[in-house]
Amino acid sequence: MYNSFYGWYLKCQSDTQTLAVIPAVHNAKNKRTCSIQVITDDDAWIVTFNGDLFKRTRRNIYIGENRFGDKGIRLEIHTPQLSVRGHLHFGALFPLKYDIMGPFALVPFMECRHSVWSIRHSVKGTVCINGQNYSFQNAWGYWEGDQGRSFPKEYIWTQCSFSDGAIMLSVADIPMAGIHFTGIIGAILWRGKEYRIATYLGARVVRIQNKAVRVVQGSLELDVWLLEASERPLKAPTKGNMVRTIHESASCRAFYRFRKNGRTLFAFETDRASFEFEFS
């Protein structure tokens, strides 16, 4: 058994509430465990399970009585610190046209591989967390995944769904063959059209300053700016072991602007952005 991890990130968000859930399995030091992390606007929890409880098909992850997949989420968690129960149902998924990793999906021994299962889909249902109901009607969902050995040493990740689309961007330090480079992967859904921004398409970072990032790729320009964080601690893998603490704002204030050929397609400020800024 080699050191590794595999996990999904499923976010559900209404105009007033945010719920993200991360089911994962981790192999480290010849030991297999699995976990579920639950993140809301106000708190975050992690519950660890015996590794034998983890089962996966292409479209579903099962951890005990909990299920995650293309049809939705079923949660049944009861510990002294956390009680979660409920069902969330997903509408039709919106997968990307091709793998977000592009040709890097074929490169062996990468530290971390990313996937986007659905850039945007509808969510409905209710989950009760420690006595508080999280109810979703006409809400939006997002579903991505990661696998490998470790999260990048430094990275920026953001995701946001909005009235006419959705956006996801990751900028990370990538070690490969003894060198390091800044890798970019991003997808923008705008009025039914998908735009891809990525290192393998020529994207480059022209500025990272004051929690603001500007990425340029040919005629495309993307600016993301973390205005006000609301960070909660999460666990992330280091050589398969969930020992690193990162900080995610599941719902925070941010600004996004997307331009093509010098024309602004959208520019808006929101308090429903998700952000991780692990970049010095």
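**Strand β20 and its neighbours**

Okay, let's start with a pair: Trp225 stands opposite Phe255 in β20. Before I go on, two housekeeping points. This is a predicted model, where local features need pLDDT of at least 70 and side-chain atom pairs count only at pLDDT 80 or more, while totals for chains, interfaces and linings use all residues. Residues are numbered from 1 along each chain as its sequence is written, and side-chain values use heavy atoms, with hydrogens and water left out.

So, the strands. When I say strand, I mean a DSSP run of E with at least two residues, numbered from the N terminus. Two strands pair if DSSP finds at least two bridges between them. Trp225 brings us to β18, residues 220-228, which runs antiparallel to β20 with eight bridges joining them. Then there's β19, residues 232-238, also antiparallel to β20, with six bridges. There, Pro233 is the residue opposite His247. β19 and β20 make a hairpin with two residues between them, and Lys239 in that turn has a positive phi of about 55 degrees.

At the other end, β20 pairs with β21, residues 263-278, in the antiparallel sense over nine bridges. Phe258 faces Phe266 across that pairing. It's a hairpin with two residues between the strands, and here Asn261 takes a positive phi near 55 degrees.

Now let's zoom in on one residue of β20. Ser251 sits in this strand, which covers residues 241-260. Is Ser251 buried or exposed? Buried, because its relative accessibility is 10%, and buried means under 20% relative accessible area with a 1.4 Å probe, protein chains only. What does its side chain touch? There's a polar contact with the side chain of Asp41, at 3.3 Å. By polar contact I mean a pair of N or O atoms within 3.5 Å; within protein, one must be able to donate a hydrogen and the other to accept it, and residues adjacent in sequence count only if both atoms are side-chain atoms. Setting aside neighbours within four places in sequence, the contacts of Ser251 include Gln13, Thr18, Ser230 and Arg272, where contact means heavy atoms within 4.5 Å.

To recap, β20 pairs with β18, with β19 and with β21, and Ser251 is a buried residue within β20. That's me done, thanks.

Technical notes. Helices (H or I, at least four residues) and strands (E, at least two) are DSSP runs, numbered from the N terminus. Buried means under 20% relative accessible area, exposed over 50%, partly exposed in between (1.4 Å probe, protein chains only).
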